[in-house]
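Open the model in your viewer and keep the selection tool ready. The stops below run from a helix pair to single residues.

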Amino acid sequence: MITRLFSAALRGVEAQEVEVEVNARGADKPVIIVVGLPDAAVRESSQRVISAIGASALFLDDGVKTVNLAPADLKKEGPSFDLPIALAMVAASRTKPFNCDDCCVVGELGLDGAVRPVKGVLSIALEAKRRKRTRVLVPEANAPEAAVIEGIRVFPIRCLKDAWDFLIDEMIIPPFHLDRRAFFDSHRNYEVDFDEVRGQHHVKRALEVAAAGGHNILMIGPPGTGKSMLAKRLPTIMPDMTEDEAIETTKIHSITGLLDPKRAFLTTRPFRSPHHTISDAGLLGGGTNPGPGEVSLAHHGVLFLDELPEFRRTTLEVMRQPLEDGDVTISRAVGSLTFPSRFMLVAAMNPCPCGFYGDSKRQCRCSSRQIENYRQRISGPLLDRIDIHCEVPLVDFRELSSNAATGEKSATIRERVVEARRIQSERFRKSANATNSSMSPRLMKVHCQIDSESTSYLEHAMEEMNFSARAHDRILKVARTLADLAGAPNIRATDVLEAIQYRSLDRKLFS
């Protein structure tokens with residue numbers, strides 16, 4: 001007798017439906033054969049399945065069980081096929097027909113029949129909805145994650161026996177209900193705030209501009225000036241994630257197993273801060289079975305690279321594609337995978353190896369050769385892709401010790417950022433652009449017109465500071481964001497001057 005169930009396999013950040021077929025035929029001893037390009041974890045499932053079926057007091061006759069995972073040319077990885085294989089094997093041992101075409105089933109089995117959580121459930125639920133499956137059986141711990149998707153009923157499963165009794169209508173399991181709006185509202189909280197930062201008002205202004213236009217930013221200053229502290233608070237002034245953005249980001253974190261079991265869904269923008277020893281594959285993604293890297297885990301959030309010159313130069317250069325295109329393509333012999341990676345890059349560095357070059361209070365111990373070598377670790381093309389360069393000086397003692405209010409709260413700054421983003425949304429409603437930083441040259445001709453006074457300032461800056469053509473475009477994009485923050489319909493001369501100031505630091509240090 002042949003029975004079948006539907007499950008799903010992960011391919012990149014997406015899922016693809018897999019049909020689990022079991023053919024039972026008589027033999028002297030029980031044998032299980034798994035075919036359909038399974039990896040080691042799937043092949044080993046036969047032993048987990050037999051033990052779980054026995055522990056659950058379910059009937060499994062002797063004989064040969066051939067398990068086929070279709071399509072046969074798609075590699076099947078991980079333990080998520082344990083539950084559908086076990087259910088299909090038990091069904092194949094019965095004489096009654098078994099029909100579960102409206103179901104998608106995933107779950108890892110313990111030897112005692114308990115169902116354990118698996119990765120990528122959000123992607124699997126989306127694929128089940130696309131395939132018009134109305135019921136999804138998932139481990140109990142994964143139910144909140146799957147229930148975010150509307151249009152399907154999610155049933156939390158604790159053990160194999162419960163799943164079997166539910167499918168043959170001998171047990172009622174209520175579908176998991178999730179109040180999406182209440183869930184989003186209750187989890188959109190940050191533990192940090194901008195009013196905790198003493199001083200550095202001009203840096204806060206630069207970060208506000210970066211958040212308003214989606215611009216990348218580089219902070220340069222001595223150790224202990226608050227660069228990391230400021231960077232960690234940037235997500236608190238960015239607009240709240242939409243549900244679509246949250247789903248995209250959660251899918252990436254789900255397939256890597258990084259979701260918090262207590263929350264099971266990302267409602268705040270991610271903040272990723274990899275160490276400077278990270279490899280190319282760790283940053284960009286890859287491996288034998290390609291997975292997302294840090295640039296994808298920061299999708300719709302912030303990627304913070306502290307001590308930027310300490311990263312290997314080759315590692316930094318691989319970021320050019322995601323910075324320009326917003327995604328990463330990894331090619332292997334079996335095919336190519338694309339991971340989304342639209343993030344804000346926030347980088348921090350010292351002005352020299354010892355960190356005190358240009359400091360008025362502490363003497364730099366580095367030679368000119370050491371300083372030059374240190375700065376040359378960052379290429380010009382990468383610097384050109386960072387829109388805003390901001391100097392972060394030491395904070396005065398009186399500001400540090402003052403008990404008076406130090407600045408605006410994140411919520412107040414976020415209101416201005418949200419309004420600027422709303423203006424951009426209206427401006428780019430007929431194009432794929434979402435922010436000023438991603439404007440194409442065609443859109444810049446329309447939306448970045450400047451008057452004669454501003455043109456004169458920009459021309460003088462280009463000649464004196466030797467800016468590149470890409471830097472010229474970045475200045476205009478930042479100026480457009482400054483005008484949006486001020487509610488001005490056109491770019492003003494003051495906007496151009498402030499935008500030039502945000503580009504002058506790299507020429508002072510690196511020319």
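Start with two helices: α2 passes α3 in a right-handed crossing (the near helix is turned clockwise from the far one by less than a right angle; anticlockwise would be left-handed). This is a predicted model, in which local features need pLDDT of at least 70, side-chain atom pairs count only at pLDDT 80 or more, and totals for chains, interfaces and linings use all residues. Residues are numbered from 1 along each chain as its sequence is written, and side-chain values use heavy atoms, with hydrogens and water left out.

**Stop 1: α2 on α3**

Select residues 45-55 for α2 and 82-92 for α3. Helices here are DSSP runs of H or I with at least four residues, strands are runs of E with at least two, and both are numbered from the N terminus. The pair packs at an angle of about 60 degrees, with axes 10 Å apart. Axes are lines fitted to C-alpha atoms, for helices over the stretch in contact, and angles run from 0 to 180 degrees between N-to-C directions. That angle makes α2 oblique to α3 (under 35 degrees is roughly parallel, over 145 roughly antiparallel, 65 to 115 roughly perpendicular, the rest oblique).

Now show side chains. S45, R48, V49 and I53 of α2 meet D82, I85, A86, M89 and V90 of α3. Contact means heavy atoms within 4.5 Å. By class, the α2 contact with α3 has 6 nonpolar, 1 polar and 2 charged residues (Ala, Val, Leu, Ile, Met, Phe, Trp, Tyr, Cys and Pro are nonpolar; Asp, Glu, Lys and Arg are charged; the others, Gly among them, are polar).

**Stop 2: α3 on α6**

Keep α3 and add α6, residues 160-167. Their axes come within 11 Å and cross at roughly 55 degrees. The two helices are therefore oblique to each other. This crossing is right-handed. L83, A86, L87, V90 and A91 in α3 meet L160, A163, W164 and L167 in α6. What classes of residue make up the contact of α3 with α6? The contact divides into 9 nonpolar, no polar and no charged residues.

**Stop 3: I124 and K251**

Select I124, in α4 (residues 121-130). I124 is buried, with a relative accessible area of 2% (buried is under 20%, exposed over 50%, partly exposed in between, using a 1.4 Å probe and protein chains only). Leaving out residues up to four places away in sequence, I124 touches A8, L10, A15, C104, V106 and K119. Its C-alpha atom is 7.7 Å from that of E14, 110 residues apart along the chain.

Next pick K251, in α10 (residues 243-255). Buried or exposed: how does K251 count? K251 counts as buried, at 10% relative accessibility. With the same sequence neighbours left out, K251 touches V13, E14, L122, S123 and L126.

**Stop 4: backbone details**

Most residues other than glycine have a negative phi, and most peptide bonds are trans. L37 is not a glycine, yet has a positive phi of about 60 degrees. L37 lies in the loop between β3 (31-35) and α1 (40-43), and is partly exposed at 44%. K132, also not a glycine, has a positive phi of about 65 degrees. K132 sits between α4 and β8 (135-139) and counts as exposed at 70%. Then select A70 and P71: the peptide bond joining them is cis, with omega near 5 degrees. P71 is in the loop between β4 (64-70) and α3.

**Last stop: α21**

Select residues 469-486, helix α21. 13 of its 18 residues are buried, so α21 is largely enclosed by the rest of the structure. Just after α21, G487 takes a positive phi of about 75 degrees.

Conventions: Expected span 1.5 Å × (residues − 1).
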